[in-house]
Amino acid sequence: MTFHELKLNEKILEGLDSTGFTKPTPIQEQAIPEILAGKDLIACAQTGTGKTAAYLLPVLNDIILQGHGQIHTLILAPTRELAQQIDQQIEGLSYFTSVSSAPIYGGGDGAGWDKQKRALLKGSDIITATPGRLISFLATSEIDFSKLRYLVLDEADRMLDMGFYEDIVRIASYLPKDRQTLLFSATMPPKIRALANSILKSPAEINIAISKPAAGIQQLVYMAHDTQKDDLVRILLSGEDYKSVIIFASTKEKVKRLASTLSRAGLQVKAFSSDLEQQEREEILRDFTARRLRILVGTDVLSRGIDIEGIDLVINYDVPGDPEDYVHRIGRTARAERTGTAITFVNTEDQYKFSRIEALTGSDLVKLMPPEQLGAGPEYAPPLKEAKKSFRKKGPRRPSAKRSH
């Protein structure tokens, strides 16, 4: 199938043709007809599958048909970075149209507040907002949503993880009941179902390859003690020509320390965390996107909060606690049908967490040992339940670590 077969407006197709996009991804191929047919939608698709364009293209198509002048679509996103990037994607896809858009998010100065307020009161066609910031405007301003036709929840599971359930329900109460609501989520836990039942009407449902890493990702695992991890990072980054690298650590303190350690080693690196001022975060992301910055170290705010293509390597300095977060972290690479590498460090304490990741993704990855100069890493043992089963059947046994050279 091509985008032309989806019966989108010629101006949108012209924009797609100019950027070289001719074939929709599976989520786009399935979601766009449902949205064009006027249905509410629950779409479960992992990071990197093209879900943003899956809702933006039919939204833009409807704006062209219905005309401009008031807020037509409200998109809610969990982080300011994602809100900005959705707005940038709107600009790219609507290049040959006169559609207007504005991002609404916190962290700026008074001038930023005034600019965002004008966009809301003037009635930009598409508003992309973080829930907390929009609630602030709803409490102080009369915003006209009477002509709104679409409410989109992007990364809905992440918004609920961040405590935005009540804010989302409150925002929905300000909107016309006669609207289309589109919910996009990487996972579908019960709390997402509860939200969907409260604000969607007889939705169509789409589920695209949930919890499976992209085929183009080479997944590597190193058994490494915490004391070996810094040196292992330096060796990995010096031994391969990785031009664009994201490293995920479990805490902001680790992020800052690791970035400082790598910087002292002569590597081009910046720490990215919520402690930074908004302007500084934007500058770091711009430099990273433009390849002026090679290495970014951050927490999970980066895993779903940014959308950057062309990342060569993702390193999980720590194993994420939630198996789904592993998929989102490594989903930063191998995007748009490219290839990439994801490397995870597993210490003794994280082995059970990593076994849950393998169970979720249906993989059994070879466990590598660090280079000889770093000494032996921890031995890989089966998860606790399997170990108990083995003990009952055969007596105690500690398997040897898998090695690969």
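**Second largest pocket, nonpolar cores and backbone outliers**

Helix H5 contributes eight residues to the lining of the second largest pocket, the largest share. The model is predicted, so that local features require pLDDT of at least 70 and side-chain atom pairs pLDDT 80 or more, whereas totals for chains, interfaces and linings use all residues. Residues are numbered from 1 along each chain as its sequence is written, and side-chain values use heavy atoms, without hydrogens and water.

The second largest pocket (an open set of points on a 1 Å grid over the protein atoms alone, where a 1.4 Å probe fits, with protein on both sides within 12 Å along at least five of seven lines) holds about 550 Å³ of space. Its lining comprises 25 residues, and Pro103, Tyr105, Gly112, Lys115 and Gln116 lie nearest the centre; a lining residue has an atom within 4 Å of a point. Two or more lining residues are given by each of helix H4 (80–93), strand S3 (101–104), helix H5 (110–122) and helix H12 (278–289); helices (H or I, at least four residues) and strands (E, at least two) are DSSP runs. By class, the lining has seven nonpolar, ten polar and eight charged residues.

The largest nonpolar core (buried Ala, Val, Leu, Ile, Met, Phe, Trp, Tyr and Cys residues joined through side-chain atoms within 4.5 Å) has 36 residues, with the most contacts inside it made by Leu8, Leu41, Tyr55, Leu57 and Phe184. Buried denotes under 20% relative accessible area and exposed over 50%, with a 1.4 Å probe and protein chains only. At least two residues of this core come from each of helix H1 (10–18), H2, S1, H3, H4, S5, S6 and S7, and H3 supplies the largest share, eight residues. A second, separate core of 33 residues includes Met159, Ala172, Leu195 and Leu200.

In helix H2 (residues 26–36), the buried residues are Ile27, Gln28, Ala31, Ile32 and Ile35. Viewed down the axis of H2, these fall within an arc of 105° and therefore line one face of the helix; the arc is taken over directions from the helix axis to the C-beta atoms. Their cover includes strand S1 (41–45), helix H3 (51–66), strand S5 (150–153), strand S6 (180–185) and strand S7 (204–208). Just after H2, Gly38 adopts a positive phi of about 90°.

Two residues that are not glycine also have a positive phi: Lys7, at about 65°, and Glu155, at about 55°. Lys7, in the segment before H1, is exposed, with a relative accessible area of 72%. Glu155, in the loop between S5 and helix H7 (156–161), is buried at 3% relative accessibility.

Key. Contact means heavy atoms within 4.5 Å. Grid points are joined across faces, edges and corners, and a volume is the space filled by probe spheres set on the points. Ala, Val, Leu, Ile, Met, Phe, Trp, Tyr, Cys and Pro count as nonpolar, Asp, Glu, Lys and Arg as charged, and the others, Gly among them, as polar.
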